[in-house]
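Me: I'm new to this one and would like to talk through its aromatic rings. Could you take me through them step by step?

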Amino acid sequence: MARSSDTGDAREELRSRRRFIREAAAGTTLAVLGGLYVLSDDVAAQGEEKRPDGRPRLPPGQRVLQALKPMGGQSGSPLRKDFRLSLHGEVEQPLELDFNKLQALGAKQVSLDVHCVTGWSVLGASFTGVPIQALAQLVRPKPSARHVIFEAAHGYTANVPLREALAASSYVAYQLGNEPLPQAHGAPVRAVVPDLYFWKSPKWLTGIRFVSRDEPGYWERRGYNNHADPWREERYA
Ligand SMILES: Nc1nc2c(c(=O)[nH]1)N[C@H]1C(S)=C(S)[C@@H](COP(=O)(O)O)O[C@H]1N2
Ligand SMILES: [Mo]
């Protein structure tokens, strides 16, 4: 390579580095340089915020994405007319809801942070749906109920302790942003249990079964942690 061209390359590299540093300092860029992520100021600041429970908003080992990444899975029918949700198991009053009945329970739009075990988080994803707590009030879990098993299309399941399934932030959701939940994200209805890793939030939801004895779900039987607390990095068994 000619010397003049080397010099040109070096100059261009210096220019691009200066641009990078300037933009990073101004907080306008999401850049990857030598494996180092530099987040825009507002995103980095969000991650450093503290939650009401005192924990950092961004769990350890996570990086922020701006939108949910479709992670696959075997889809059920995305049609609202095909939807049935069975609330059953250790409950006083088992119940099956179709989509209209679910929606009639009263929609709430909420902003939830979700954390995928593969290392990405979305802070403040907007979901519309019904608190799982409200569903539990309808069917009245027996004192023997200690866990819930979320049931989804093609046999996908996820187990969650009752207390966490009934936390104020746990929802069944049918809207993402201001649109119906997209098929890739679990249409027509998915669970969102945001304080556990995202595999505990089944898409294409078909049932919520209340049980007295814990029962590892799809990923829990394949080496993932039974509890899945992102702040304790409970990723694998
Ligand atoms: N029914 C069903 N639900 C599922 C899954 C699946 O394979 N099937 N994958 C889980 C996993 S591992 C993750 S990370 C999230 C991904 O949700 P997303 O595709 O909407 O981002 O859905 C969870 N819910
Ligand atoms: Mo996942």
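Reply: Gladly, and please keep in mind that this is a predicted model. Counting pairs of rings whose centres lie within 6.5 Å, the total comes to nine aromatic pairs.

Me: How do Tyr218 and Trp219 pair up, for a start?

Reply: Tyr218 and Trp219 make an edge-to-face pair, with 5.1 Å from centre to centre and 90° between the planes.

Me: And is Trp219 buried, exposed or partly exposed?

Reply: Trp219 counts as partly exposed, because its relative accessibility is 31%, and Tyr218 is likewise described as partly exposed, with a relative accessible area of 28%.

Me: OK, what about Tyr224 and Tyr236, why is that pair called tilted?

Reply: The ring centres of Tyr224 and Tyr236 are 5.2 Å apart and their planes stand at 50°, so the pair is tilted. Along the chain the two residues are twelve residues apart, and both Tyr224 and Tyr236 belong to the segment after strand S13 (205-211).

Me: Is Tyr224 buried or exposed?

Reply: Tyr224 counts as buried, because its relative accessibility is 19% and the cut-off for buried is under 20%.

Me: Which residues form the aromatic cluster?

Reply: One aromatic cluster is formed by Tyr156, Tyr197, Trp199, Tyr218, Trp219, Tyr224 and Tyr236.

Me: Switching topic to charges, which ring does the charged end of Arg222 sit over?

Reply: The charged end of Arg222 sits over the ring of Tyr218, at 3.6 Å from the ring's centre. Elsewhere in the model, Arg55 lies over the face of Trp231, 4.2 Å from the ring centre.

How values were computed:
Residues numbered from 1 in each chain as written. Chains lettered and ligands numbered in written order. Predicted model: local features only at pLDDT ≥ 70, side-chain atom pairs only at ≥ 80, totals over all residues. Heavy atoms only, no water. Phe/Tyr/Trp six-rings, centres within 6.5 Å; stacked < 30°, edge-to-face > 60°. Buried < 20%, exposed > 50% of the residue type's maximum accessible area, 1.4 Å probe, protein only. Helix = DSSP H or I, 4+ residues; strand = E, 2+ residues; numbered from the N terminus. Lys NZ or Arg CZ within 6 Å of the ring centre and 35° of its normal.
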